[in-house]
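Please open the model in your viewer and switch to a cartoon view. We will go from stop to stop, and at each one you will get something to select and a note on what is there.

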Amino acid sequence: MEVPCVRVRREDGETARKHLADDDLVADGFEITHEDGWLYIPVTDEAMVPEGMDVIDRDAPERETQTAPADLLGFEPSYERLGRAVIVDEDDVDRAHEIADAIVASDLPVDVVLNKASKVKGETRVRDWEVLAEANEPTEERASGDDRPSTEVVHREYGHAFALDLAEVYFSPRLATERHRVAEQVAAGERVFDMFAGVGPYVIPMAARGAECVGVDVNPRAIEYLRENAARNDVAERVTAINDDVRDVAGEYADWADRIVMNLPHSADEFVDSAAAVAGDDCTIHFYDIQHEDDPFGPGERAIRAAAEPDYDVTVETRREVRSYAPHELNVCLDVRLTR
Ligand SMILES: C[S@@+](CC[C@H](N)C(=O)[O-])C[C@H]1O[C@@H](n2cnc3c(N)ncnc32)[C@H](O)[C@@H]1O
């Protein structure tokens, strides 16, 4: 069967395999193959392979010993992986436990299976979780964290590691591709201001590209994790993490930013005055918004124009649909350029 494989020189194979395994990217269901001095390591998600690694499609024999949750259940369950946690979203309690038991009994590397027990809520956008099942033997990573809660994970995204406790901070692995799209626009030396930084999934990759980053969050636990993650990814010297309401911080960074990230859909339009205050003479704002499909301009663009014009020329350079949010509603990202 043809699968995406990372191609490396044989002598670099073990280092590359370890690197990919740390990011949970090795497709354990397939054999690693070799030919003419090259190793071909099957990967689970081509898009998540760190930059600089060569990915090609290639035949790889399936391993026979791997047991997937679907093999045990007789149907394909829907779940997401976040580090060594597996997340399901099941209202039916019996079905939720059936799936969780199969996941733990399968060959997936997993410590804990969590069910979404509420929507994201309140100012900090944290949701409630139900622990459905835990592995008998926690992985090395959890074991070294001794009494850390089972909702704490180390999640890897595009080569960066993020520690976070799902019970205390917001995080969604579904935005990985979108975050990567934005981070790739950043140049070394830029000044980036993330108004709702969370545990740093925008700040860390941008700092890794050489940007000077300020991340603000009203949730003190998110800021603790942002600091920990900056150290974990060797970018602490380029990251300033501030625990406060961003409206009370904006004045200290007046006219400062080349780039602003505003990922607080539903209410970001309440913060556009702060964004306009922080924006420098030429600044790009990545503004996340929930828009009705009949209103492609949406409240966000109107709010940005009201806050920034006529001091700035305002241009919407990109409007990207990130995902559908509800029937007829879309989560979009507007890349808006402010110049004066
Ligand atoms: C949707 S989450 C996004 C977090 C992060 N950017 C990410 O992609 O994972 C929004 C974040 O904004 C923070 N927040 C909400 N109101 C805020 C405010 N007034 N000032 C600063 N941060 C705020 C929340 O605590 C939460 O971490």
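Start by selecting Ile 260 and Ile 285: these two are bridge partners, with Ile 285 sitting in β15. This is a predicted model, so please read every stop on the tour in that light. Now widen the selection to residues 257–262, which make up β14, and residues 279–292, which make up β15. The two strands run parallel and are joined by five bridges.

**The seven-stranded sheet**

Next, bring in the neighbours of this pair. Which strands make up the open sheet, and in what order? Reading across, you should pass β13, β12, β11, β14, β15, β17 and β16, seven strands with mixed pairing. Color residues 239–243 (β13) and 313–326 (β16) to mark the edge strands, each of which pairs on one side only. As you step from one strand to the next, the twist averages 15°.

Two helices are worth adding to this view. Select residues 220–232 for α7, which lies across β12 (212–217) and β13 and runs at about 165° to β13. Then select residues 298–308 for α9. This helix lies across β15, β16 and β17 (329–339), at about 150° to β15.

**A cis peptide bond**

Stay with α9 and follow the chain onward to Pro 310, in the loop between α9 and β16. Show the backbone here as sticks: the peptide bond joining Glu 309 and Pro 310 is cis, with omega at about 0°.

**The ligand**

Now select the ligand and display the 20 residues around it. Which of them come nearest? Look for Glu 123, Phe 196, Asp 217, Val 246 and Asn 263. If you color the shell by class, you will find 10 nonpolar, four polar and six charged residues.

Three distances are good ones to display:

- Asp 245: a polar side-chain atom lies 3.2 Å from a nitrogen atom of the ligand.
- Val 246: here a polar backbone atom is 3.0 Å from a nitrogen atom of the ligand.
- Asn 263: a polar side-chain atom is 3.0 Å from an oxygen atom of the ligand.

How much of the ligand does the protein bury? Taken alone, the ligand exposes 600 Å², and 98% of that is buried by the protein.

**The four-stranded sheet**

For the next stop, select Arg 81 and Val 86, which are bridge partners, with Val 86 in β6. The strands here are β5 and β6 (residues 85–88), which run antiparallel and are joined by three bridges. Extend the view to the open sheet of four strands, in the order β5-β6-β7-β8 with mixed pairing. Its edge strands are β5 (80–82) and β8 (129–134), and each pairs on one side only. From one strand to the next, the twist averages 30°. Add residues 93–105 to see α3 packing on this sheet. The helix touches β6, β7 (112–116) and β8, and its direction makes about 45° with that of β8.

**Last stop: Asp 36**

Finally, select Asp 36, found in the loop between β2 (33–35) and β3 (38–42). Is its phi positive or negative? Phi of Asp 36 is near 50°, a positive value in a residue other than glycine.

Terms used
Residues are numbered from 1 along each chain as its sequence is written. This is a predicted model: local features need pLDDT of at least 70, side-chain atom pairs count only at pLDDT 80 or more; totals for chains, interfaces and linings use all residues. Side-chain values use heavy atoms; hydrogens and water are left out. Two strands pair if DSSP finds at least two bridges between them. Axes are lines fitted to C-alpha atoms, for helices over the stretch in contact, and angles run from 0 to 180 degrees between N-to-C directions. Contact means heavy atoms within 4.5 Å. A residue is near a molecule or strand if one of its heavy atoms lies within 4 Å of it. A polar contact is a pair of N or O atoms within 3.5 Å; within protein, one must be able to donate a hydrogen and the other to accept it, and residues adjacent in sequence count only if both atoms are side-chain atoms. Accessible areas come from the Shrake-Rupley method with a 1.4 Å probe; for residues, only the protein chains shown count as cover. Ala, Val, Leu, Ile, Met, Phe, Trp, Tyr, Cys and Pro count as nonpolar, Asp, Glu, Lys and Arg as charged, and the others, Gly among them, as polar.
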